[in-house]
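Work through the exercises below with the sequence and the model side by side. Try each task before reading its solution.

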Amino acid sequence: MNFILGYARYLLLGGLALLGFGGYLLYQSATGGGIPQESALAVVQGEVAGARKVTVTKKRRRGGESHSYYYEVDVQPQSGDKLTVRLPTLVPESKVQDMANADTIQVSYDATSSNNDAYAVQGDGKEILPYAQMAKYMQEDADRSSAEAPLMMGAGLLLAILGGLGMRWRRRRIQAAEAVAA
């Protein structure tokens, strides 16, 4: 019992963190996956200098690895430096190949993000990846992520209740010991 009481504050904080993260996932699902408005996107037009699939491997402390994947497309405008935009792997690989095969492309991307996330692409005057399709991909991904949010929030609520009860019991125990000592 002393073990639970000693770690009651950690149970409470962990439970609140799970509640918050579950709420964030539900918020992302309700707001369309966090995609910016089309009018807020920057536009670059130029030739495709390269396209590739990138794999990022992270080693975990206690063994094992985690992998994340995304596509990068390099756009060389008529004047200026080469710009690298990022597409999630939610986008089919055939769309990325269509971008790479196009002579000129026009990319609408989020210039405020550190990754230059692309949300709409036109190649040789044709829509390769419309904004509406990308919004649909992002919404589906947010819905998939939020499917586990109720379970996460339930576990967080249980941990927060246990932590709160443990802290309350511990405080009452300390007050009783102080009353006996006085």
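**Exercise 1: A42 and N116**

Task: list what A42 touches, leaving out residues up to four places away in sequence.

Solution. A42 touches V107, S108, Y109 and A111; contact means heavy atoms within 4.5 Å. This is a predicted model: local features need pLDDT of at least 70, side-chain atom pairs count only at pLDDT 80 or more, and totals for chains, interfaces and linings use all residues. Residues are numbered from 1 along each chain as its sequence is written, and side-chain values use heavy atoms, without hydrogens or water.

Next, place A42. It is in strand 1. Strands are DSSP runs of E, at least two residues; helices are runs of H or I, at least four; both are numbered from the N terminus. A42 has 23% relative accessibility, so it counts as partly exposed. The classes are buried under 20%, exposed over 50%, and partly exposed in between, with a 1.4 Å probe and protein chains only.

Now go to N116, 74 residues from A42 along the chain; their C-alpha atoms are 9.5 Å apart. N116 is in the loop between strand 4 and strand 5. At 16% relative accessible area, N116 is buried. Its phi is near 55°, a positive value in a residue other than glycine.

**Exercise 2: Aromatic rings**

Task: which class does each aromatic pair fall into?

Solution. Rings of Phe, Tyr and Trp (its six-membered ring) pair if their centres lie within 6.5 Å; planes under 30 degrees apart are stacked, over 60 edge-to-face, the rest tilted. The structure holds 2 such pairs. Y7 and Y10 have ring centres 5.7 Å apart and planes at 40°, so this pair is tilted. For F21 and Y24 the centres are 6.3 Å apart and the planes at 25°, so that pair is stacked. F21 and Y24 are 3 residues apart in helix 2 (residues 8–30), which separates them by about one helical turn. F21 is partly exposed, at 44%. Y24 is partly exposed, at 44%.

Then look for charges over rings. The test is NZ of Lys or CZ of Arg within 6 Å of the ring centre and within 35 degrees of the ring normal. R86 lies over the face of Y70, 3.6 Å from the ring centre. The charged end of R9 sits over the ring of Y10, at 6.0 Å from its centre.

**Exercise 3: The nonpolar core**

Task: which residues have the most contacts inside the largest nonpolar core?

Solution. Such a core is a set of buried Ala, Val, Leu, Ile, Met, Phe, Trp, Tyr and Cys residues joined through side-chain atoms within 4.5 Å. The largest has 27 residues, and V73, L87, V107, L129 and M134 have the most contacts inside it. Elements giving two or more residues to this core include strand 1 (42–59), helix 3 (93–101) and helix 4 (131–146). Take L129: beyond four places in sequence, its contacts include L87, V91, M99 and M134.

**Exercise 4: Two more residues**

Task: is E72 buried or exposed, and where is D124?

Solution. E72 lies in strand 2. With a relative accessible area of 15%, E72 is buried. Beyond four places in sequence, its contacts include G50, R52, T84 and R86. D124 is in the loop between strand 5 and strand 6. D124 is partly exposed, at 43%. Although D124 is not a glycine, its phi is positive, about 55°.
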